[in-house]
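Subject: Protein–DNA model for you to look at

Hi,

Here is the model I promised to pass on. Please open it first, then read my notes below.

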There are 2 protein chains.
Amino acid sequence: MDTHLRDLRYFVATAEELNFTRAAERLFVSQPALSKQIRQLEEGLRTRLFDRDRRAVELTAAGAALLPAAREVIRCWDEAQRAVGDAVAAEAASLRVGLSTSVGRGLLQRAREGYAVRRPNGRLQIRQIDWDDATAGLAEGRVDVALVWLPIPNQDAFATRVVATEPRCVVVREDHALAGRSEVAFAELLDEPFLALPAAAGPLRDYWLAIDHRDGRPVRVGATVSNADETFAAVEEGSGIVLIAAGNAAIYQRPGTVAIPVSGLTPSELALAWRADDHRGTVRDFVETL
Amino acid sequence: MDTHLRDLRYFVATAEELNFTRAAERLFVSQPALSKQIRQLEEGLRTRLFDRDRRAVELTAAGAALLPAAREVIRCWDEAQRAVGDAVAAEAASLRVGLSTSVGRGLLQRAREGYAVRRPNGRLQIRQIDWDDATAGLAEGRVDVALVWLPIPNQDAFATRVVATEPRCVVVREDHALAGRSEVAFAELLDEPFLALPAAAGPLRDYWLAIDHRDGRPVRVGATVSNADETFAAVEEGSGIVLIAAGNAAIYQRPGTVAIPVSGLTPSELALAWRADDHRGTVRDFVETL
DNA sequence: CGTGTCCATAGCCTTTGGTTATCACAGCCG
DNA sequence: CGGCTGTGATAACCAAAGGCTATGGACACG
């Protein structure tokens with residue numbers, strides 16, 4: 001048998017007052033309503049809780065047993081409500097950060113610390129997002145801010161702040177003809193098969209294929225990859241070569257692959273992005289932290 | 001904001017299944033009913049508890065915070081119900097014993113021990129009852145068994161078992177003319193003012209005034225007394241003298257008063273009594289104990 | 001012997017909790 | 001592609017719960 005928590009409060013008030021009329025006043029209900037609820041509680045528990053002796057109301061043994069237990073249930077429920085409230089507050093102060101690759105560069109660590117100062121109750125929740133969404137989850141609303149490589153699709157919808165500008169490298173298998181070189185010109189790569197981002201990545205796919213450095217010559221796509229793991233696996237497999245940012249070359253050093261600086265390309269831009277119509281304080285705090 | 005404990009069970013079931021349809025089945029309610037109650041819980045807490053993403057249901061941060069807390073509330077309530085159940089069981093095994101005077105004679109101690117063997121969960125609750133009710137609470141249902149002096153009013157309604165038969169004494173003030181005597185004949189007391197029980201005590205009042213040893217001569221009533229304390233206070237005050245059982249003379253030795261054995265009276269009978277229509281095992285156990 | 005206090009009951013209305021039927025949407029399979 | 005299936009939301013409806021006001025009956029008190 002379950003009961004409404006309100007009825008437990010009714011019971012406790014009545015047990016404290018030992019007077020239905022006064023208890024009803026304290027509870028802001030009519031006396032008959034209180035009587036009825038107490039009776040119902042008694043029926044549910046299959047025992048009387050009060051002896052309504054003529055003139056005096058007093059607790060039965062069962063009522064005396066229930067009183068501390070009921071107080072405990074109420075305390076426990078109040079505690080539960082507090083826990084929910086805390087969780088809501090913490091979430092309101094938290095931000096979901098979208099990433100497509102590891103960022104490195106000490107960025108995340110600094111962001112965490114800086115944000116913790118501004119929002120002591122908040123947390124940064126990091127989400128790895130595949131390249132099917134070049135906005136790293138921003139577009140679908142899965143994150144609040146993201147670290148993305150420019151350009152991104154529908155860029156007008158987002159505000160961006162460039163946080164790093166780096167030359168590009170090419171990653172080749174260690175037995176590739178160029179593997180020993182300390183630098184290559186992009187022109188030397190034009191006939192190589194390239195790994196490509198998914199079509200959904202839009203302009204970002206073109207960017208990492210360096211379409212506008214090819215003078216209209218078609219690109220050979222060796223495979224399509226959706227994240228960093230797939231990319232390096234594909235290079236090792238010999239499916240093709242791939243351009244990456246110099247910073248990422250330092251982070252991702254995989255045995256069996258070699259990264260070589262490439263000349264003749266515009267540098268890549270890593271940017272912090274958020275929805276242009278998102279004016280929440282938490283977002284601004286995060287942006288200012290970086 | 002308070003909620004029905006049932007709704008917490010609904011929430012827990014849904015959080016465990018992460019599927020409204022299955023949770024509703026487990027709870028033996030329809031799925032719309034479950035949906036509605038969960039929504040109402042969410043409104044009460046002013047936060048969403050589940051993310052009903054298309055295809056998947058999962059807990060929000062608030063929901064995750066509520067889950068253990070809700071389990072705790074439910075556990076706590078189950079505990080409260082158990083406490084009430086225990087109290088009811090204990091009371092069912094307990095007996096209220098009515099007394100009008102101290103009983104002494106080691107009776108109560110033996111009764112307690114014997115009863116504890118038969119009803120380990122039960123207890124004897126002793127109630128002192130004034131002589132306004134010569135049945136020591138039996139008539140009004142305030143006790144289950146009583147130790148009474150015979151005769152009692154409406155004696156057919158009760159079953160009795162005599163536990164002690166004792167000669168009677170008279171209690172006088174220490175400066176009374178008879179105070180030095182080692183025994184007196186009742187005939188010597190006929191002109192003394194007597195303390196009387198309340199009229200409601202009926203035949204018992206007559207008995208302790210020894211009406212049927214007076215050959216129709218009227219009794220002088222010095223005062224009416226309702227319990228042992230009043231009786232001795234009245235004797236000390238000089239309001240009158242009073243007959244008591246020899247056993248009680250031993251128990252109640254008050255400075256300023258003297259008890260003297262009286263000859264020429266029928267002996268008094270202390271009896272265990274219970275309602276004739278009360279066939280409960282607890283009552284029988286108690287009777288057999290004595 | 002009124003009068004006031006206090007709990008219970010009765011009659012009525014609104015809200016709540018439940019039902020069935022149906023819709024909208026996603027995924028799956030042929 | 002089109003129909004089937006599984007899932008949650010919605011609508012319409014009904015019974016029960018929970019509230020109120022008015023009233024009754026028992027008792028204490030002056």
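What follows is a short account of the contacts with the DNA, one strand at a time.

One caution before the details: this is a predicted model.

**DNA strand C**

Start with the residues around this strand. There are 21 of them. T21(A), R52(A), S30(B), K36(B) and Q40(B) come closest. Look next at which part of the DNA is touched. Sugar or phosphate supplies 65% of the strand C atoms within 4 Å of the protein, and bases supply the rest.

Three polar pairs deserve a look:

- Q40(B) puts a polar side-chain atom 2.6 Å from a phosphate oxygen of strand C.
- S35(A) does likewise, with a polar side-chain atom 3.0 Å from a phosphate oxygen of strand C.
- K36(B) reaches a base: an N or O atom in the side chain of K36(B) is 2.8 Å from a base oxygen of strand C.

Which elements give two or more residues to this surface? In chain A they are α2 (20-27) and α3 (31-45). In chain B they are α1 (5-17) and α3 (31-45). The largest share comes from α3(B), with five residues. By class, the surface near strand C has seven nonpolar, seven polar and seven charged residues.

**DNA strand D**

Now the other strand. Here 22 residues lie around the DNA. The nearest are S30(A), Q40(A), R54(A), R55(A) and T21(B). Of the strand D atoms that come within 4 Å of the protein, 67% belong to sugar and phosphate.

Again, three polar pairs to check:

- S30(A) has a polar side-chain atom 2.6 Å from a phosphate oxygen of strand D.
- T21(B) uses its backbone: a polar backbone atom lies 2.8 Å from a phosphate oxygen of strand D.
- R52(B) has a side-chain N or O atom 2.9 Å from a phosphate oxygen of strand D.

Which elements each supply at least two residues here? Chain A offers α1 (5-17) and α3, and chain B offers α2 (20-27) and α3. The most comes from α3(A), which gives five residues. The surface near strand D divides into seven nonpolar, seven polar and eight charged residues.

**To recap**

For strand C, α3(B) is the main contributor. For strand D, that role goes to α3(A). If you have time for one side chain, take K36(B) and its base oxygen on strand C.

Best wishes

Note on methods:
Residues are numbered from 1 along each chain as its sequence is written. Chains are lettered from A and ligands numbered from 1 in the order in which they are written. This is a predicted model: local features need pLDDT of at least 70, side-chain atom pairs count only at pLDDT 80 or more; totals for chains, interfaces and linings use all residues. Side-chain values use heavy atoms; hydrogens and water are left out. A residue is near a molecule or strand if one of its heavy atoms lies within 4 Å of it. A polar contact is a pair of N or O atoms within 3.5 Å; within protein, one must be able to donate a hydrogen and the other to accept it, and residues adjacent in sequence count only if both atoms are side-chain atoms. Helices (H or I, at least four residues) and strands (E, at least two) are DSSP runs, numbered from the N terminus. Ala, Val, Leu, Ile, Met, Phe, Trp, Tyr, Cys and Pro count as nonpolar, Asp, Glu, Lys and Arg as charged, and the others, Gly among them, as polar.
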